[in-house]
Amino acid sequence: MLSILGFCMIGIFLILVITKKLSVVVAFISVSVVFALIGGFAGDMGEMMMAGILNVTPTAVMIVFAILYFGLMIDVGLFDPMVNKILNVVKGDPLKIVVATAIITILVGLDGDGSSTFMVTVSAMLPLYTRLGMNRLILASVVGLAAGVMNIIPWGGPLVRASASLQVDVSDLFIPLIPVMVSGLLWALFVAYILGKRERKRLGIVKLEETSTASLEIAATSKGTSTKYWFNLFLTIVLMVLLVMDVLPIAILFAVAYAIALFVNYSNAQKQQDQILSHANSFVMISTMVFAAGIFTGIFSGTGMMDAMASTLVSVIPESLGSHLPVIVAITSIPMSFVFSPDAYYFGILPILAETAAGFGIDPVEIGRAALLGHSTAGFPLSPLVPATFILIGLVGVDFGEHQKFLFKWAFGTTIVMTITAVLTGVISL
């Protein structure tokens, strides 16, 4: 009975989210309450919900301070000199321009927001592509590939969803994935090189006038490199090193770094408040979703539905297939991205896969890592269920179908490369 109730709960949630009948937050809370009542858990419902919320609180705190930190660094122009230097170097060489597109996307993608990454990078590079007559599908594809890999940083949406859904620490998912992420970025740069070489062969190297080149620099150049620039750069590098070393919880690292950065860059109390409020919309939306997900997973696991569903799946999956679940999840998460939105996949499908894997003696955290290798990297710039994808193709001005057709093989290659790396480094088991 619990298994049937669990499948119905997931099914209703997925239908409501996919058909957009309810927002994700409302669906999380309302569906969990209704099914807790149906299952006869009214007396324990509040305790289960609070337990779920407490489990995801560290993740929500980390998100808030990570978004605030990188939002501040972008506002004060930390990445602008690097971006503009790249633009000055590439000039009229299509190969350099495409590779620079990937590099800029990686730099801007550090803020964890796919939409802003697309807007900043496309705004900087589109004039060059237009001026040289380059294929805009290449711009959309290279940006999508690099942003897809950057999508799995700890303060990005997919890893946060996976962490909240499986109720595991962010560092347990991310730290082992660092070499895998590096392999994905190298693949993105390799693809950029191949596509850029094709464009150079087709167009040749175009000599741009100095005035034209200057006009292609992003507007933020006017901020220049203030006296605080080097401090901000040093602080960010130290933060990244400490994050990788895992000396303190990620949430604490970002909180301390943000407090220091905010004080140094905005000494006036009112300006500090204004800076926080300027990014409130970003962190309120995603942290609210995380807390709502905590309520959902609290009910889902506390009632025993998750365990019952996993037992059902274990009973029907052949032993030979079950032992390869991490790799299977990594590969199948790509087509899954065309059927399930990120919220539906990570909160509806992933917990069941993880519990099923546990039945075969596989650590559920491996399933979380495996899911990130496909759904968040290759699926992110391709899926019609990811709103940011439409921001990308809208800014670039290409057809969505053509974009999918052009990008799919390269995106699938990203998942294959990262999956192979993950297996070789022991991040997921074969």
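This report describes a pocket, a surface patch and the salt bridges of a predicted model.

**The second largest pocket**

The second largest pocket has a volume of about 280 Å³. It is lined by 14 residues, and those closest to its centre are Leu-110, Ile-153, Phe-174, Met-181 and Met-240. Three elements give two or more residues to this lining, namely helix 5 (94-108), helix 10 (178-203) and helix 12 (229-245), and it is helix 10 that gives the most, with four residues. When the lining of the second largest pocket is sorted by class, its 14 residues are nonpolar, with no polar and no charged residues.

**A nonpolar patch on the surface**

Helix 12, which contributes to the pocket lining, also takes part in a nonpolar patch on the surface. This patch is formed by Phe-231, Ile-237, Val-241, Met-245, Val-247, Leu-248, Ile-252, Val-256 and Ile-260, which together have about 750 Å² of accessible area. Helix 12 and helix 13 (250-265) each supply at least two residues of the patch, and helix 12 gives the most, with four residues. One of the patch residues, Met-245, lies in helix 12 and counts as exposed because its relative accessible area of 53% is over the cut-off of 50%.

**Salt bridges**

Side chains of opposite charge can pair when their charged atoms come close. A search of the whole structure finds three salt bridges, which are listed here with the distance between the N and O atoms.

| Salt bridge | N to O distance |
|---|---|
| Asp-93 and Arg-200 | 2.7 Å |
| Glu-199 and Arg-202 | 2.9 Å |
| Glu-402 and Lys-405 | 3.7 Å |

The salt bridge between Asp-93 and Arg-200 links distant parts of the chain, since Asp-93 is in the loop between helix 4 (80-90) and helix 5, whereas Arg-200 is in helix 10, with their positions 107 residues apart. Asp-93 is buried, with a relative accessible area of 5%, while Arg-200, at 32% relative accessibility, counts as partly exposed.

Helix 10 also holds the pair of Glu-199 and Arg-202, which are separated by about one helical turn because they are three residues apart in that helix. Glu-199 is buried, with a relative accessible area of 5%.

The remaining pair has a similar description: Glu-402 and Lys-405 are three residues apart in helix 22 (residues 400-424), and so are separated by about one helical turn. Here Glu-402 counts as partly exposed, at 37% relative accessibility, and Lys-405 counts as exposed, at 62% relative accessibility.

Note on methods. Residues are numbered from 1 along each chain as its sequence is written. This is a predicted model: local features need pLDDT of at least 70, side-chain atom pairs count only at pLDDT 80 or more; totals for chains, interfaces and linings use all residues. Side-chain values use heavy atoms; hydrogens and water are left out. On a 1 Å grid over the protein atoms alone, a cavity is a set of points where a 1.4 Å probe fits but cannot get out, and a pocket is an open set with protein on both sides within 12 Å along at least five of seven lines; lining residues have an atom within 4 Å of a point. Grid points are joined across faces, edges and corners, and a volume is the space filled by probe spheres set on the points. Ala, Val, Leu, Ile, Met, Phe, Trp, Tyr, Cys and Pro count as nonpolar, Asp, Glu, Lys and Arg as charged, and the others, Gly among them, as polar. Patches are made of residues with over 30% relative accessible area and no salt bridge: like charges are joined within 9 Å, nonpolar side chains (Val, Leu, Ile, Met, Phe, Trp, Tyr) within 5 Å. Accessible areas come from the Shrake-Rupley method with a 1.4 Å probe; for residues, only the protein chains shown count as cover. A salt bridge is a side-chain nitrogen of Lys or Arg within 4 Å of a carboxyl oxygen of Asp or Glu. Buried means under 20% relative accessible area, exposed over 50%, partly exposed in between (1.4 Å probe, protein chains only).
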